[in-house]
Amino acid sequence: MANVIYSINGPVVKLRDTKDFSMLEMVYVGKNKIIGEVISITSKETTIQVYESTTGLKPGEPVYPTGSPLCATLGPGILSNIFDGIERPLKNMAKNEGAFIGIGSDIPSLNLDKKYSVDITVKVGDELKGGDVYATCQETALILHKCMLSPMLSGKVVSVKDNGYYSVNDTVVVIEDEDGVKHDLTLCQKWPIRTPRPVQKRLPIDRPLITGQRIIDAMFPIAKGGTAAIPGGFGTGKTMTQHQLAKWCDADIIVYIGCGERGNEMTQVLEEFSELVDPRTNKALTDRTVLIANTSNMPVAAREASIYTGITLAEYYRDMGYHVAIMADSTSRWAEALREISGRLEEMPAEEGYPAYLPSRLSAFYERAGYMINLNDTEGSVTIIGAVSPQGADFSEPVTQNTKRFVRCFWALDKSLAYARHYPAINWMTSYSEYDDDFTNYYNEKIGKDFIPMKKRITALLAEEANLMEIVKLIGADVLPDDQKLVIEMAKVVRVGFLQQNAFHKDDTFVPMEKQYEMMKVILYLYDKANELVMRSIPISNIISTGIFDKLNRIKYDVPNDKLEMFKDYYKEIDEKIAESDR
C-alpha cells in the first residue's frame, strides 16, 4: 500500500517509495488525521514534520495529501482570540475537549456560526485586483475588518449580495477572472504561513513607534515597521517589558506570540490582557489583540510554526491599513525547536548544535517587518519585537549574535539592574538603536529641534559616569574633583529620575514624548547651572545640600502627564537653589 508511515522519530515521520507529495505540502498523518508538513523529498523517501503529538502513531498507518501548503485562515474573528501554533482556537478546544488538546483535533480557526453585519463595498461590473476591499464588517468595537481579494486573484464582479448578516463562509460577492472562471468570495481567505504577503512598495523608515517608556523613546527608539531584540537572562524582565509595550505602544493591533514559554507565564498574560483597558479608547485591550500560545509542553514542531502563523496574521491586518506590533516571546525557544527537529532529521549541526540555516530563518522572519504601501494603496506597518533568552545571560551565543545581525534596535537587559529593581532593566551602555538618524525630521517637527542634541548630552553623561565609576572602585569618590563629582550626581538623576520607570504608577507607566522632552530639558538645565558654580570653585556639597537633586528624582511622579506647565516652577526653583548655594 502506498503512502503509509515507514518510521516515526518524535515529530518526524518518514514514508518510503512515494511520489504523491510536494515540498511544503500540508498532509494528514495516521488514522486520527493529525496535521503535518512535507519538509524533505528524495527519490527514496519523503519526510514529514508533524505539528501534534505522535503518541500512539504506528508504522503502516496512512498519510493523506491535501495538495496545498500549511495555511492560516484569515477573516473576522481572529482578534480577541487565543490560538495555538497552527491557528487552532484554544478557547473552543477547551470547551470541546477539556484542559488538554486531543490528537487530531479538527476545530475550525474561526467561528463558523457567528454572523457579522456586512457592508458590501463593490457593485456588479467593478474590476477588482488583488488586495482590493469588497466588504467590511465591525470585527470588534475598535477594529473595522476589511475583506480583501486574495493577491492571487483578479477579475470583474458578476454578482453581489445585499448588505446584511453573514457568517465567514457565506458567499457575498462573485467575480469572474479573464479566463471566464467564476470565484466565490466569502468573508475569509487562506494564505501560506511561510510566504510573505505581497505589497506594492516598501517605504523608508521615518517615524518612531511611541511606547511611553522613556529609555526606549528617548534613548533607544524603535521605528514603526522596525525590528528590535530584547535579550536577557532568566528574571531580567523580557516578558514584563513586552507586556508593557503591548499595552502602551501606538500600534493599532498587537499580535503576542508565546513561543515555548512556561504555561504559568502564558496564563498570566491571558489573565492580564483580559482585564486591561485600552488607554486610547477605554475599551477592552483584547479588542485589538490576538494571542498565539504555544507553551513549552506543546508539540515542538508547532512551536516552530507559531511565529510564521503570527507574522501572517500581522501582515493580513497590515494589508487593511493598520499598524501592527508583534511580540515574539521568545525566539530562543523557537530556535531550540529548530535544533530539536534538525537533530531528529540527522542534519549536520553547526554552532552549539543549532542547524546551519538558523541565520537564514531568523533573517526571513525579521525581514517581514516594514512600513508598506499595500496593494490597495493604503499604508500599514508590521513592527517585530523579539525576546531572546540566552542561557546564563551569555550574549555571545548563536541566537543572540545572529539576531543582532538582522535587527536595528538592541535592548540588552541587565541582571544586576533587574536585581536592583531598576525597571526597565535595559543597560544603557550595551544597548543601541540605529534608527536615530531616520527620525531627525520627526523630532524636529513634532518634539523640538534640541531633542537630539539633548539626548546626545545625556548619553555622554552616562558614558562619562561609567568611566568615572571604574576610578571610584579603585581609589574612592572623595579624591575626585568637583566637576567629576557633579557628573556622577547628574548621571544618578538621569538613571533614577529619568531612565527608571514605575509600571504600576498611573502617571509613570506611560509617559508622552512631550513630558520626556521637558524632563530632559530640566535635568540638563540643572547640570548647566550647577556646572557654572563648580567652575567658580563653589563646592558641590553646597548644591547637594539644597535637595534639588532629590527633587528632580521625583519629577516623574510629581508632574502629572496632563500638567506640563508645572515644569516652569522647576526652573524657578533651580535658579533659587543655585543662588542659595552661591552665597
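Which residues line the largest cavity? The legends below start there. The model is predicted.

**View 1. The largest cavity and its lining.** Eight names make up this close-up: Gly 131, Pro 151, Arg 197, Pro 198, Asp 319, Asn 374, Leu 375 and Asn 376 line the largest cavity. The space inside is about 40 Å³. The count of cavities of 30 Å³ or more comes to 1. By residue class, the lining divides into 3 nonpolar, 3 polar and 2 charged. Rolling a probe the size of a water molecule over the atoms shows where empty space is left.

**View 2. An open antiparallel sheet of 4 strands.** The strand order is β10-β13-β15-β16. The pairing is antiparallel. β10 (127–128) and β16 (182–185) stand at the edges with a single partner strand each, so one side of each has no neighbour in the sheet. At the β10 edge, the partner is β13 (residues 155–160), and 2 bridges join the pair in the antiparallel sense. One bridge sets Leu 128 against Gly 155 in β13. Strands of a sheet pair through backbone hydrogen bonds, either parallel or antiparallel.

**View 3. Strand β22 and its parallel partners.** β22 covers residues 323–329. On one side, β20 (residues 253–259) pairs with β22 in the parallel sense over 6 bridges. Val 255 has Ile 326 of β22 as its bridge partner. Strand β24 (residues 379–388) also pairs with β22 in the parallel sense, over 6 bridges. Here Ala 328 stands opposite Gly 386 of β24.

**View 4. Side chains along β22.** Are the residues of β22 buried or exposed? The strand is mostly covered, with 7 of its 7 residues buried. His 323, Ala 325, Met 327 and Asp 329 point one way. Val 324, Ile 326 and Ala 328 point the other way. Both sets are buried. In a regular strand the side chains alternate between the two faces of the sheet.

**View 5. The surroundings of Ile 326.** Ile 326 sits in strand β22. Its relative accessibility is 0%, so Ile 326 counts as buried, the cut-off being under 20%. Which residues does Ile 326 contact, leaving aside neighbours within four places in sequence? They are Val 255, Ile 257, Gly 310, Ile 311, Ala 314, Val 382, Thr 383, Ile 384 and Ile 385. Among them, Ala 314 is 12 residues apart from Ile 326 along the chain, and their C-alpha atoms are separated by 7.3 Å.

**View 6. Thr 400 in helix α8.** The helix runs over residues 398–406. Thr 400 has a relative accessible area of 1%, so this residue is buried. Residues up to four places away in sequence are not counted in the contacts of Thr 400. The contacts are Pro 231, Val 388, Pro 390, Asp 394, Phe 395 and Phe 410.

**View 7. Helix α12 and the helices packed against it.** α12 (residues 482–499) has 18 residues. At 1.5 Å a residue, the helix should span 26 Å. The end C-alpha atoms are 24 Å apart, which agrees. Where are the buried residues of α12? They are Leu 486, Val 487, Ile 488, Met 490, Ala 491, Val 493, Val 494, Gly 497, Phe 498 and Leu 499. These buried residues pack against α2 (214–219), α11 (451–475), α13 (513–535), α14 (540–544), α15 (548–553) and α16 (555–558).

Conventions. Residues are numbered from 1 along each chain as its sequence is written. This is a predicted model: local features need pLDDT of at least 70, side-chain atom pairs count only at pLDDT 80 or more; totals for chains, interfaces and linings use all residues. Side-chain values use heavy atoms; hydrogens and water are left out. On a 1 Å grid over the protein atoms alone, a cavity is a set of points where a 1.4 Å probe fits but cannot get out, and a pocket is an open set with protein on both sides within 12 Å along at least five of seven lines; lining residues have an atom within 4 Å of a point. Grid points are joined across faces, edges and corners, and a volume is the space filled by probe spheres set on the points. Ala, Val, Leu, Ile, Met, Phe, Trp, Tyr, Cys and Pro count as nonpolar, Asp, Glu, Lys and Arg as charged, and the others, Gly among them, as polar. Two strands pair if DSSP finds at least two bridges between them. Buried means under 20% relative accessible area, exposed over 50%, partly exposed in between (1.4 Å probe, protein chains only). Contact means heavy atoms within 4.5 Å. The expected span of a helix is 1.5 Å times one less than its number of residues.
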